[in-house]
Amino acid sequence: MATSAPTRVPLRLPRRRARLRGWATVVAATALAATSLLALPPAWAQVVDQPARTWGVGPADPTSASVGTPRVLAILPVGDRIVVGGTFDSVIDPAGNQYPAKNLAVFSASTGAADLSFAGSTNNTVTSLASDGQGTVFVGGTFGTVNGATRKGLAAVDVVTGALRPWAPSNVAPGQVDALAYRDGAVYAGGNFAAITDGSSSSKPFLAKVAAATGSVDTTWVPAPNDRVRALAVANDGTGRLFIGGDFASVSAKASTNKIAAVASTGAGAVDTTFRAGATNSRSYAPVFDLTSDATRVYAAVAGSGGACAALSATTGATLWSDHSNGNLQSVRLAGGLLYCAGHFSGTGSFLGQTRYKVAAVDPATGALNAFAPNVNSSQGPWALAADATHVYMGGDFSSISGVPQPHFAMFTDTAAQTPPLPPSSPTAAGSDGRVHLTWAPPSSDGGSMLLKYRVFRSTTPGGENLTKTPLATLSKTTFSFDDTTVTNGTTYYYVVLATNALGAGPASTEVSATPRGSVVVTPPGAPTGLAATTPPGLVHLTWNAPVNTGGAPVTSYRVYRGLAPGQEDLGTPIGTSTTTSFDDAAVTSGTSYSYVVTAVNSAGQGPASSEVTATAGSGPAVPPGQPQLTGSLGPGPSAVLQWTIPSDGGSPITKYVVIKDSVRLVTLSATQGGPTSYTDTTLARGTSSVYQVKAVNAVGSGPLSAKVTVTAP
């Protein structure tokens with residue numbers, strides 16, 4: 001779980017409707033016995049029961065808790081960027097479109113959308129996250145590679161780009177990294193690993209301290225839990241301690257360090273013997289899956305007989321309260337004056353004797369239950385929580401919450417931070433006879449309040465839509481298209497679409513336009529013009545101009561015909577085709593005369609032949625090489641495997657091939673008579689796409705670049 005130290009959230013007045021339904025008075029004097037609802041002070045803001053409709057993670061298949069895919073296991077807010085880790089292979093927008101994202105993703109808290117340019121990825125599960133607050137995110141899990149490079153269970157990436165940092169300590173099998181925390185230039189790792197190593201030094205089992213700058217293991221820091229560490233939390237009271245939780249019965253053989261202990265984050269990691277952990281689940285010392293703290297208390301998500309959300313004194317470790325549930329608790333987080341407790345409990349009487357479905361909110365001081373009660377689907381539900389000043393974030397196995405489709409990652413928005421929706425996505429407009437057909441997709445976020453309607457506005461001038469007037473159409477939240485039949489053929493119309501929720505209308509979408517026209521009959525194109533030939537040694541080089549009349553549809557290709565005398569071209573059998581306005585005929589004999597014509601092709605078929613040109617092969621000076629034909633495919637690593645044909649040499653031997661990546665020279669390859677005809681680019685990063693071209697060069701100069709080929713690494 002993500003275990004960076006939480007921030008105390010400013011208290012805010014609820015902006016709109018009160019959500020304190022069904023409050024009762026606390027009747028238990030001790031928190032251990034508290035089973036009633038607490039009447040919270042009205043100054044405490046609260047997130048609403050329904051999550052914002054935003055992007056999530058995939059695959060989009062129904063959830064399968066038995067195999068844990070997809071599943072979000074760690075969430076880390078870093079400003080507006082919300083880093084998410086787990087086991088998944090894509091991010092999903094509200095329209096259901098999926099984009100590659102392998103076990104790591106970044107979402108925007110303000111837009112709800114995934115950052116598709118973030119290139120961080122792992123080959124296996126991410127379990128934990130922490131940040132240094134300076135642009136680096138530390139990642140823990142079961143993976144063996146990150147961004148295609150070897151990293152065993154620990155890695156560091158740039159929070160903006162996902163680029164891999166050189167930081168490279170390794171988990172020593174058996175076992176894995178379960179938890180991470182950051183403090184004062186050090187990364188703390190917990191798990192069931194045998195050790196963490198920097199290549200020359202190694203930690204003890206279950207718990208390690210690693211320099212955040214260099215990745216070196218601090219072998220002088222030696223607290224020694226006798227079993228798995230599942231949770232870490234930096235103390236929020238200025239003492240410099242680190243709270244640890246897990247399966248252990250003792251730490252460094254000290255008394256009262258069962259399942260939860262406090263150790264110094266500096267020096268040798270001495271156990272704080274004044275902190276004597278009390279029971280966390282009724283009278284039992286249950287395994288601890290997550291921890292968080294404030295200035296006076298440390299909170300635990302625990303398993304055991306059912307499960308529990310518990311609070312201990314941060315000073316003494318004494319149990320202050322323990323809220324029992326009928327399933328393991330997986331995560332706890334503070335936000336807006338409440339403690340949120342999430343896990344696998346569900347149904348009538350499932351949490352503190354009340355009905356809750358996988359998540360509950362309680363008073364941190366007493367453990368008394370709050371009315372917050374979303375309904376999280378799936379058998380296991382949430383596995384991770386996080387919070388910032390305006391949101392509570394949840395990740396897990398679920399696919400919907402309180403009837404809102406939200407795959408595996410959710411944002412609950414504070415009532416004071418709800419906004420109108422963002423603009424609808426991907427608008428399009430297409431004109432036809434007496435009609436303009438509009439389409440759009442849902443906004444990346446509904447602002448934290450459920451969508452109500454879409455509004456369509458129209459103008460006959462760019463930007464002229466008057467959003468204060470009555471819309472052209474008002475449509476339901478499940479409608480994503482509209483046919484405007486009140487149009488005149490030949491007139492261009494401009495459109496924007498707005499989404500609305502209970503707070504009002506959001507910003508307009510990107511403007512789109514279309515011109516309706518009467519039915520158009522597509523015919524074959526006219527003849528190409530300006531056919532000409534040059535005759536470098538060993539070939540005939542043809543050039544021409546596109547036809548003036550395209551027939552009402554784009555020209556898709558050209559066909560080249562040849563004869564041994566004027567008028568003898570066989571128009572049933574072209575010698576070649578081209579998608580450009582040139583062609584090299586290398587199947588010629590020097591000194592032989594050839595005649596040529598060219599035709600253009602569109603969706604309606606082939607048009608008439610051009611005027612004829614006659615040329616004698618091999619009678620002119622050398623020219624640059626012809627155009628290679630390039631193909632590309634995804635290879636292991638990942639890598640881009642490029643292959644091309646050898647073009648005509650223009651009458652002078654090809655001396656080199658130049659490979660271009662994203663409009664920049666990638667490599668220059670020396671040429672021989674037989675090639676090379678391939679190259680593998682091993683710098684292709686996961687989650688990115690690159691565009692490749694290749695050209696041949698001879699003594700005369702560079703030939704034309706090949707057509708572009710795009711290779712995408714998921």
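This passage describes the strand pairing, the nonpolar core, the disulfide and one buried threonine of a predicted model.

Local features of the predicted model are reported only at pLDDT of at least 70 and side-chain atom pairs only at pLDDT 80 or more, whereas totals for chains, interfaces and linings use all residues. Residues are numbered from 1 along each chain as its sequence is written, and side-chain values use heavy atoms, with hydrogens and water left out.

Strands are DSSP runs of E of at least two residues, numbered from the N terminus, and two strands are taken as paired if DSSP finds at least two bridges between them. An open sheet of three strands follows the order E17-E18-E19 with antiparallel pairing; its edge strands, E17 (229-234) and E19 (260-264), each pair on one side only. Neighbouring strands of this sheet are turned by 25° against each other on average, direction ignored, where the axes are lines fitted to C-alpha atoms and angles run from 0 to 180 degrees between N-to-C directions. Strand E18 (residues 241-246) is joined to E19 by five bridges, and Leu-242 has Val-263 in E19 as its bridge partner.

A further antiparallel pair is formed by strand E32 (residues 425-432) and strand E33 (residues 435-441), which are joined by six bridges. Gly-431 is bridged to Val-436 in E33, and in this hairpin, with two residues between the strands, Gly-434 adopts a positive phi near 70°.

The largest nonpolar core, a set of buried Ala, Val, Leu, Ile, Met, Phe, Trp, Tyr and Cys residues joined through side-chain atoms within 4.5 Å, comprises 19 residues, and those with the most contacts inside it are Ile-75, Ile-82, Val-84, Val-91, Phe-107, Tyr-393 and Phe-409. At least two residues of this core are supplied by each of strands E2 (71-78), E3 (81-87), E6 (104-108), E27 (382-387) and E31 (409-413).

A search of the whole structure for disulfides finds one, the criterion being a pair of cysteine sulfur atoms within 2.5 Å. The bond joins Cys-309 to Cys-341 with an S to S distance of 2.1 Å, and the link is left-handed, with -60° about the S-S bond. Because Cys-309 lies in strand E22 (residues 307-313) and Cys-341 in strand E25 (residues 338-351), the pair ties together parts that are 32 residues apart in sequence. Both cysteines, Cys-309 and Cys-341, are buried, that is, under 20% relative accessible area with a 1.4 Å probe and protein chains only, where over 50% is exposed and values in between are partly exposed.

Thr-136, found in strand E8 (residues 136-141), is likewise buried, with a relative accessible area of 11%. Not counting residues up to four places away in sequence, Thr-136 touches Ala-130, Ser-131, Ala-156, Val-157 and Arg-165, contact meaning heavy atoms within 4.5 Å.

Technical notes. Helix = DSSP H or I, 4+ residues; strand = E, 2+ residues; numbered from the N terminus.
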